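Subject: The structure for you to look at

Hi,

Here is the structure I promised to pass on. Have it open while you read, and I'll walk you through what turned up.

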Amino acid sequence: ITISQSANLGDPPVQNFTKKAYNAGTQVWDIAEDRNGVMWFGNNEGLLEFDGTHWRLYPLSNHTIVRCVQVGEEGKVFVGAQDDFGYFAPTSNGTLTYHSLTTLLPISEQYFGDVWEIKVCNEGVFFRTNHQVFRYHNQQLSALFPPGKSLHFMGEWMGKLMVQDGER
């Protein structure tokens, strides 16, 4: 009688990919999965897509690091980067195109650093930087906090969006 164990660890099995396999930046910052099982990665060189077979890289127009990624409705993939955030959406022929939302901000508010978190809720899509939370709703963008706030975390609890500031 011979008894053995599977060589794969994890359930389902874990598969590692080298930088050479996905042909993008070394660091992955965030991961999301859409309803079709496609995986999306925030990467040093842009947004990475993996459909289980093929990798595709979608750089942002300002060629910065994608720090966070969340999947929304209608095939939109929201991303947060350095001084930029927005979404990728399929065109009529299925090609993903980037739509920056920072163009909806006054020029004086367009330099906010890194976007670290995104939450997609019924009340809109929220993007957190170190000092601001931006809300995108009904094709409008608004800043939620006065200048000078220090923000450390954004999450959802019991259906409510929660933001931790540096004062407490």
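What is the order of the strands in the open sheet of four strands? Before the answer, one thing to keep in mind: this is a predicted model.

The order is 5-6-7-8, and the pairing is antiparallel. Strand 5 and strand 8 (96-100) sit at the edges, each pairing on one side only. From one strand to the next, the twist averages 25 degrees. If sheets are new to you, strands pair through backbone hydrogen bonds, and the pairing can be parallel or antiparallel.

Now go through the sheet pair by pair. Strand 5 covers residues 66-71 and strand 6 covers residues 77-81; five bridges link them in the antiparallel sense. To find your way, look for Val71, which stands opposite Val77 in strand 6. These two strands form a hairpin with five residues between them, and Glu74 there has a positive phi near 60 degrees.

Over at the other edge, strand 7 (residues 85-90) runs antiparallel to strand 8, and five bridges join them. A handy pair to click on is Tyr87 and its bridge partner in strand 8, His99.

Next, the cysteines. How many disulfides does the structure hold? Zero. Take Cys68: its closest cysteine sulfur is the one in Cys121, but that is 14 Å away, so the gap is too far for a bond. A disulfide would need the two sulfur atoms within 2.5 Å. Cys68 is also buried, because its relative accessibility is 1% and the cut-off for buried is under 20%. Cys121 counts as buried too, with a relative accessible area of 17%.

Last, have a look at Glu49, which belongs to strand 3 (residues 46-50). Is Glu49 buried or exposed? With 11% relative accessibility, Glu49 counts as buried. What does its side chain make a polar contact with? The partner is the side chain of Tyr58, at 2.7 Å. Leaving aside residues up to four places away in sequence, Glu49 touches Val38, Met39, Trp40, His54, Trp55, Arg56 and Tyr58. Try showing those side chains together with Glu49, and you'll see Tyr58 in both roles, as a residue that Glu49 touches and as its polar partner.

That's the tour. Write back if anything is unclear.

Cheers

Key
Residues numbered from 1 in each chain as written. Predicted model: local features only at pLDDT ≥ 70, side-chain atom pairs only at ≥ 80, totals over all residues. Heavy atoms only, no water. Buried < 20%, exposed > 50% of the residue type's maximum accessible area, 1.4 Å probe, protein only. Polar contact = N/O pair within 3.5 Å; in protein donor to acceptor, adjacent residues only side chain to side chain. Contact = heavy atoms within 4.5 Å. Pairing = 2+ DSSP bridges. Axes fitted to C-alpha atoms, helices over the stretch in contact; angles between N-to-C directions.
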